[in-house]
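Let's take a friendly walk through this protein, with an eye on its charged side chains. Please have the model open as you read.

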Amino acid sequence: MSPDDVNESIGERIADEVWEMSDAEVSNEIIRLDPISKWRPFDQGSLEQQRIYLTELLVDEYSSRY
């Protein structure tokens, strides 16, 4: 498995976990990772975008550790 394959696999697992989170958990994680985020808790019009944004934040956080 190449490093790109590993990174893609990790990103997919993170995305799967994010999509299983409740809306409140997604909002709380975004606030924790990006306190000055433009997202507001329970903004119903952007729930899918919030999940995508949280996935990106978590992938970045994971990548910065390793």
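The report below starts with the overall fold and then turns to salt bridges, a polar contact and a surface patch.

## Overall fold

This is a predicted model. The protein has 3 helices and 0 strands, and its pattern along the sequence reads α-α-α. Of its 66 residues, 29% are buried.

## A salt bridge between H2 and H3

Side chains of opposite charge can pair when their charged atoms come close. In the whole structure, 3 salt bridges are found.

One of them joins aspartate 23 to arginine 51, with 2.6 Å between the closest N and O atoms. This pair connects distant parts of the chain, since aspartate 23 lies in helix H2 and arginine 51 in helix H3 (residues 47-65), 28 residues apart. How exposed or buried are the two partners, aspartate 23 and arginine 51? Aspartate 23 has a relative accessible area of 27%, so it is partly exposed. Arginine 51 has a value of 8%, under the 20% cut-off, and therefore counts as buried.

## A network around arginine 32

Which residues are linked with Arg32 in a network of salt bridges? The network consists of Glu29, Arg32 and Glu61.

Glutamate 29 pairs with arginine 32, and their closest N and O atoms are 2.8 Å apart. These two residues are separated by about one helical turn because they sit 3 residues apart in helix H2. Glutamate 61 also forms a salt bridge with arginine 32, here with a closest N to O distance of 3.8 Å. That second pair spans distant parts of the chain: glutamate 61 belongs to helix H3 and arginine 32 to helix H2, 29 residues apart. Arginine 32 is partly exposed, at 47% relative accessibility, and glutamate 61 is partly exposed too, at 22%.

## A polar contact at serine 27

Serine 27 is found in helix H2, which covers residues 23-33. Is serine 27 buried or exposed? Its relative accessibility is 4%, so serine 27 counts as buried. The serine 27 side chain makes a polar contact with the side chain of glutamine 50, at 3.5 Å.

## A negative patch

On the surface, Glu12, Asp16, Glu17 and Glu20 form a negative patch. One member, glutamate 20, is located in helix H1, which runs over residues 3-20. With 68% relative accessibility, glutamate 20 lies over the 50% cut-off and so counts as exposed.

Definitions and conventions. Residues are numbered from 1 along each chain as its sequence is written. This is a predicted model: local features need pLDDT of at least 70, side-chain atom pairs count only at pLDDT 80 or more; totals for chains, interfaces and linings use all residues. Side-chain values use heavy atoms; hydrogens and water are left out. Helices (H or I, at least four residues) and strands (E, at least two) are DSSP runs, numbered from the N terminus. Buried means under 20% relative accessible area, exposed over 50%, partly exposed in between (1.4 Å probe, protein chains only). A polar contact is a pair of N or O atoms within 3.5 Å; within protein, one must be able to donate a hydrogen and the other to accept it, and residues adjacent in sequence count only if both atoms are side-chain atoms. Patches are made of residues with over 30% relative accessible area and no salt bridge: like charges are joined within 9 Å, nonpolar side chains (Val, Leu, Ile, Met, Phe, Trp, Tyr) within 5 Å. Accessible areas come from the Shrake-Rupley method with a 1.4 Å probe; for residues, only the protein chains shown count as cover. A salt bridge is a side-chain nitrogen of Lys or Arg within 4 Å of a carboxyl oxygen of Asp or Glu. Lys and Arg count as positive and Asp and Glu as negative; His and the chain ends are not counted. The place of a charge is taken as NZ of Lys, CZ of Arg, CG of Asp or CD of Glu.
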